[in-house]
Amino acid sequence: MDEETRALLTLVLAGGGLAARRALACARPCVAAALDAGPVAWRQAGCSPGQQRRLAAPDAGALDDAMRWLQQADHHLVAASDERFPALLRSIPEPPLALFVHGDPATAWHPAIAVVGSRSPTPGGRALAAEFSTGFCQAGLAVTSGLAAGVDAAAHQAALAAGGITVAVIGNGPDLVFPSHHVALQREIATRGAVVSEYPPGTPARPAHFPARNRLVAGLTMATVVIEAANRSGALITARLAAEAGREVCALPGSVRNPRAAGCHRLIRDGAALVEAPAEVMALVAPLLARALPDLQSRLQAPTEQGRRAHLPAHLASEPDYQTLWKALDHDPIPMDSLIMHCGLTAARLSSMLLAMELAGIVVCEHGRYCRNPGFPTSTASR
């Protein structure tokens, strides 16, 4: 274990307010140098007396536990200064000092939608969570949620069933599971996506951790979709934090007789987008994704117009609408309204399809106009 990792773990384990610890970490070229600077520097950074005591004499047992966890396969500690740290998360009001990641840290960079809601949804709410998550994954997006019972679990499970990427943000240490019956689900998410926490190994789930966890769910994603949330639901906290981070907030309406829909109706009254299909969410995030796409493609080593030959995903190649759209596209950029006329599809449907094709690297957007990626093999798309 290198000195910088040990220093970062010490800073994380010091607990308390994030602002002072972040200021301390940024005051020197590296965290190890910041800790070596001593009590005067810690005090100048705003660290409390308790934080200073824990920096001077870290919990040896907790430090050893964290180090042992990191020595296992697919276990990572990603500092805020690390290039693997998700760019979207850096822009939230209170970014974490570091992330403990079980799985592939690159999946946290993948463009994602948060799907959240009631811990005790109706069968219809559970089905909607699965439907929306499946739609997002089929469009090439990831699904992020909090691994709670109910809507969260349904969203993760549907993403896995669709062969997509899913990221679970948890409110306890990465070595623990809450709720306990999600052991198998958490293991599968770590194998095929990532389980993310800002809490060190050994940290139990506590009520105060969940609002903090929700800010990471909102911060890692381009939009938050709320499905069945009561007026006092934690999903409403996620929605508020998403709005504060400048992300899209969407809510599904429900029956006025369903108390689990009351929070969604409140969000809609307060300005959240009323959505009824995954394509409507994808149309909302398309402008943000278009701005972020070059960096995302580079980060994820996805194909670009100057890059490797792309491959049309099987679920796109088999759908007639995608074949119709591919034939309507040319190597000269075409505006959206012309594509709508040629394809006979709605703007929302077309936006979601173009988004999926951009993520696959087979379509390029130039100033709001779309064209084929010259590097994409025509024979693959047309068969």
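## Phe132 and its partner

Let's start with Phe132: this residue counts as buried because its relative accessibility is 0%, and the cut-off for buried is under 20%. Keep in mind that we're looking at a predicted model. Phe136 is buried too, again with a relative accessible area of 0%.

Both Phe132 and Phe136 belong to helix α8, which covers residues 123–138. They sit 4 residues apart, or about one turn of the helix.

## Rings that pair up

How many aromatic pairs are there? The count comes to 3 aromatic pairs. One of them brings together Trp69 and Phe100, with ring centres 6.1 Å apart. Their planes are at 70°, and planes over 60 degrees apart count as edge-to-face, so that's the label for this pair.

Where in the chain do these two partners come from? Trp69 is in helix α6 (residues 60–70), while Phe100 is in strand β2 (residues 98–103). That puts them 31 residues apart, so to speak a link between distant parts of the chain. Trp69 and Phe100 are both buried.

Now back to the rings of Phe132 and Phe136. Their centres are 6.0 Å apart and their planes lie at 75°, so this pair is edge-to-face as well.

## A charge over a ring

Here's another kind of side-chain meeting. Arg119 has its charged end over the ring of Phe210, at 5.8 Å from the ring's centre.

## Helices α9 and α10

Two packed helices are described by the angle between their axes and the distance between the axes. For helix α9 (residues 151–161) and helix α10 (residues 183–192), the angle is about 45° and the axes are 11 Å apart. Is the arrangement parallel or oblique? It's oblique, because an angle has to be under 35 degrees to count as roughly parallel.

The crossing of α9 and α10 is left-handed. On the α9 side, the contact is made by Ala153, His156, Gln157 and Leu160. Across from them, α10 brings in Leu185, Glu188, Ile189 and Arg192.

## Helices α16 and α17

Further along, helix α16 (residues 320–328) and helix α17 (residues 336–343) cross at roughly 125°, and their axes come within 10 Å. That angle makes α16 oblique to α17.

Which way does this crossing turn, left-handed or right-handed? α16 passes α17 in a right-handed crossing. As for who meets whom, Thr324, Leu325 and Ala328 are the α16 residues, and they meet Leu339, His342 and Cys343 in α17.

Conventions: Residues numbered from 1 in each chain as written. Predicted model: local features only at pLDDT ≥ 70, side-chain atom pairs only at ≥ 80, totals over all residues. Heavy atoms only, no water. Phe/Tyr/Trp six-rings, centres within 6.5 Å; stacked < 30°, edge-to-face > 60°. Helix = DSSP H or I, 4+ residues; strand = E, 2+ residues; numbered from the N terminus. Buried < 20%, exposed > 50% of the residue type's maximum accessible area, 1.4 Å probe, protein only. Lys NZ or Arg CZ within 6 Å of the ring centre and 35° of its normal. Axes fitted to C-alpha atoms, helices over the stretch in contact; angles between N-to-C directions. Parallel < 35°, antiparallel > 145°, perpendicular 65-115°, else oblique. Left-handed = near helix turned anticlockwise from the far one by under 90°. Contact = heavy atoms within 4.5 Å.
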